[in-house]
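Biologist: I should like to learn how the features of a model such as this one are to be read. May we go through them one at a time?

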Amino acid sequence: MLTLRENLLESLKKDGRPEYLNNSFTMCRGIPGDPCFKLIRGNRIRGTNSYDQWGTYIMFPEDEPAAIPFVTPENQVIQDLENWKDYVKVPDLIGRCSDGWEEAIAARDAIDTDKYLTMTVMGTGIFEQIHMLMTFEDAQRAVNYGVVHGALAMTTPGDTSMASLKEVEAKVNGAGARVQR
């Protein structure tokens, strides 16, 4: 019988022969304690409110299962989408996370890697990070602008970034798909 690890790897092969369907992350063992995760998300303490390393206001009520970002137009990190670089300050992971890996390394070494895959967890993906930096409405606007810009760029052969903000806004607001030159 295949181990959980072997079965997952078998299921990823083109002509693999897994013995059963994989069940979520059962084939993985997490590695807790990495300094990057602690820095980015480590200030979440039940019963407190705080700001994370990106400047997002985080609420962790005593009676809730997890911390949540509380983003309003007044406290959102990105106040002006066009000038997002003026607002977003990326945490210095190299300067602040180069040391302190002993706990994570010890946890990794304790995992039977013949049976399991190892993983670290970063709970925020790109969408989650975007909506932690701005309201859902502004995050949706940012996604819409990106999609429309890509579509407009594809309407002109060789044109990869010549669509103007005016053209993108017109399409976001329902105008035709052609680039107006």
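Modeller: Let us begin with a single residue. Asn144 is partly exposed, since its relative accessible area is 30%, and this residue is found in helix α6. Please keep in mind throughout that the model is predicted.

Biologist: How far apart are Asn144 and Asn22 in sequence and in space?

Modeller: The two are separated by 122 residues in sequence, and their C-alpha atoms lie 35 Å apart. A second pair may be read in this way: Tyr51 and Arg41 are 10 residues apart along the chain, with 9.8 Å between their C-alpha atoms.

Biologist: How should one read the burial pattern of a helix?

Modeller: An α-helix has 3.6 residues a turn, so residues three or four places apart point the same way. In helix α1, which spans residues 4-12, the buried residues are Asn7, Leu8 and Glu10. Because they cover an arc of only 160° around the axis, they are on the same side of α1.

Biologist: Against which element do the buried residues of α1 pack?

Modeller: They pack against β5, residues 117-119. Helix α5 offers another case: Gln129, His131, Met132 and Leu133 are buried there. The elements covering the buried residues of α5 include α2 (35-41), β3, β4 and α6.

Biologist: Where does Thr135 lie, and is this residue buried or exposed?

Modeller: Thr135 is in the loop between α5 (126-133) and α6 (136-154). With a relative accessible area of 8%, Thr135 is buried. Leaving aside residues up to four places away in sequence, Thr135 touches Val71, Thr72, Pro73 and Gln76.

Biologist: Let us turn to the strands. What is the strand order in the open sheet of three strands?

Modeller: The order is β2-β3-β4, with antiparallel pairing. Strands β2 and β4 stand at the edges and have a single partner strand each, so one side of each is left without a neighbour in the sheet.

Biologist: How many bridges join β2 to β3, and how many join β3 to β4?

Modeller: Strand β2 (residues 48-51) is joined to β3 by four bridges, and the two run antiparallel. As one of the pairings, Asn49 has Met59 in β3 as its bridge partner. Between β3 and β4 there are two bridges, again in the antiparallel sense; here Ile58 has Pro69 in β4 as its bridge partner.

Biologist: What is to be noted in the hairpin of β2 and β3?

Modeller: Five residues lie between the strands of this hairpin, and Gly55 takes a positive phi near 100°.

Biologist: How are aromatic pairs to be read?

Modeller: One considers the distance between ring centres and the angle between ring planes. With centres required to lie within 6.5 Å, the count comes to two aromatic pairs. Tyr51 and Tyr57 form a tilted pair, 5.2 Å centre to centre with 55° between the planes. In the pair of Tyr57 and Phe70, the centres are 6.4 Å apart and the planes are at 70°, so this pair is edge-to-face.

Biologist: Which parts of the chain does the pair of Tyr57 and Phe70 link?

Modeller: The pair links distant parts, 13 residues apart: Tyr57 is in strand β3 (residues 57-60), and Phe70 is in the loop between β4 (68-69) and α3 (93-97). Phe70 is partly exposed, at a relative accessible area of 40%. Tyr51, Tyr57 and Phe70 form one aromatic cluster. Tyr51 itself is placed in strand β2 and touches Asn43, Thr56 and Tyr57, residues up to four places away in sequence not being counted.

Biologist: Which charged residues lie over the faces of Tyr116 and Tyr145?

Modeller: Arg29 lies over the face of Tyr116, 3.8 Å from the ring centre. Arg141 lies over the face of Tyr145, at 5.1 Å from the ring centre.

Biologist: Finally, how should one read a nonpolar core?

Modeller: In soluble globular proteins, nonpolar side chains tend to be buried together. The largest nonpolar core here has eight residues: Ile40, Trp54, Val77, Ile78, Val88, Leu133, Met134 and Ala139. A second, separate core has five residues, among them Tyr145, Val148, Ala163 and Val168.

Biologist: Which residues does Ile78 touch?

Modeller: Not counting residues up to four places away in sequence, Ile78 touches Trp84, Tyr87, Val88, Leu133 and Met134.

Methods: Residues numbered from 1 in each chain as written. Predicted model: local features only at pLDDT ≥ 70, side-chain atom pairs only at ≥ 80, totals over all residues. Heavy atoms only, no water. Buried < 20%, exposed > 50% of the residue type's maximum accessible area, 1.4 Å probe, protein only. Arc of directions from axis to C-beta. Contact = heavy atoms within 4.5 Å. Phe/Tyr/Trp six-rings, centres within 6.5 Å; stacked < 30°, edge-to-face > 60°. Lys NZ or Arg CZ within 6 Å of the ring centre and 35° of its normal. Pairing = 2+ DSSP bridges. Core = buried A, V, L, I, M, F, W, Y, C linked by side-chain atoms within 4.5 Å.
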